[in-house]
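Trainee: Got a minute to go through a model with me? I have a few short questions.
Mentor: Sure, put it up.

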Amino acid sequence: GGGWLQQMGALDFAGGTVVHINAGISALIMAVLLGRRSDYHPGRPIPATNVTYVFLGAVFLWLGWFGFNAGSGLTADGLDANAFLVTHLCTCVAAITWMAIDWIYSGKPTTVGVCTGAVAGLVAITPAAGSTDVLGAIVIGLVTSLVCYFMVAYVKPKLGYDDALDAFGVHGIGGIIGSVLTGVFAT
């Protein structure tokens, strides 16, 4: 605590602003600088080679995120319980929203899509976990999935950059949305 952004009034409970926005922007810059993979074609995604590992990775990430967000209060009281609750709720809403969008536009839900939505929700709730309530968590999860899906499914192919893990579309954009909506839903 006590950093430059906090002194200006910014709320960032668990470092989501500095971690995810920086990681996403860095990923975009590196994707542009390195160029496309030889087998990459915009608009035709390369499917995950091991969906089981994607799922397990998302599960372990989600589980670990509880320690990260709830533990960032450095206490064992209502603040941490709230951070735990809103982290889980936002992530569930984001995962289900991504699944629904996948189902509507692609004709079927996918495990990779649900996992991607969950990660977007985890990213977005991180700065807000100590200052938002249940309603804020639900809206943050919903908005984040909608915007991140749009970035990954429409903007990335349109611009033609090859971000293999969608770090910019999920972490960068999710971090920006979470940071902005923290100010909207802080209680």
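Trainee: Which helix does T182 lie in?
Mentor: T182 lies in α7, which covers residues 167-185. Keep in mind that this is a predicted model.

Trainee: Is T182 buried or exposed?
Mentor: T182 is buried, at 2% relative accessibility.

Trainee: And what does T182 touch, leaving out residues up to four places away in sequence?
Mentor: T182 has contacts with L11, P127, A128 and S131.

Trainee: Switching to cysteines. How many disulfides are there in the whole structure?
Mentor: A search of the whole structure gives 0 disulfides.

Trainee: Why is C92 not bonded to C90?
Mentor: Because the sulfur of C92 is 9.3 Å from that of C90, its closest cysteine sulfur, and that is too far for a bond. The cut-off for a disulfide is a sulfur pair within 2.5 Å.

Trainee: What about C115?
Mentor: C115 is in no disulfide either. Its nearest cysteine sulfur belongs to C92, 13 Å away.

Trainee: Which of C92 and C115 is buried, and which is partly exposed?
Mentor: C115 is buried, with a relative accessible area of 7%. C92 is partly exposed, at 24%.

Trainee: Now the start of the chain. Where does G2 lie?
Mentor: G2 is in the segment before α1, the helix spanning 4-7. G2 is partly exposed, with a relative accessible area of 43%.

Trainee: How far apart are G2 and A153?
Mentor: C-alpha to C-alpha, G2 and A153 are 38 Å apart in space, and they are 151 residues apart in sequence.

Technical notes:
Residues numbered from 1 in each chain as written. Predicted model: local features only at pLDDT ≥ 70, side-chain atom pairs only at ≥ 80, totals over all residues. Heavy atoms only, no water. Helix = DSSP H or I, 4+ residues; strand = E, 2+ residues; numbered from the N terminus. Buried < 20%, exposed > 50% of the residue type's maximum accessible area, 1.4 Å probe, protein only. Contact = heavy atoms within 4.5 Å.
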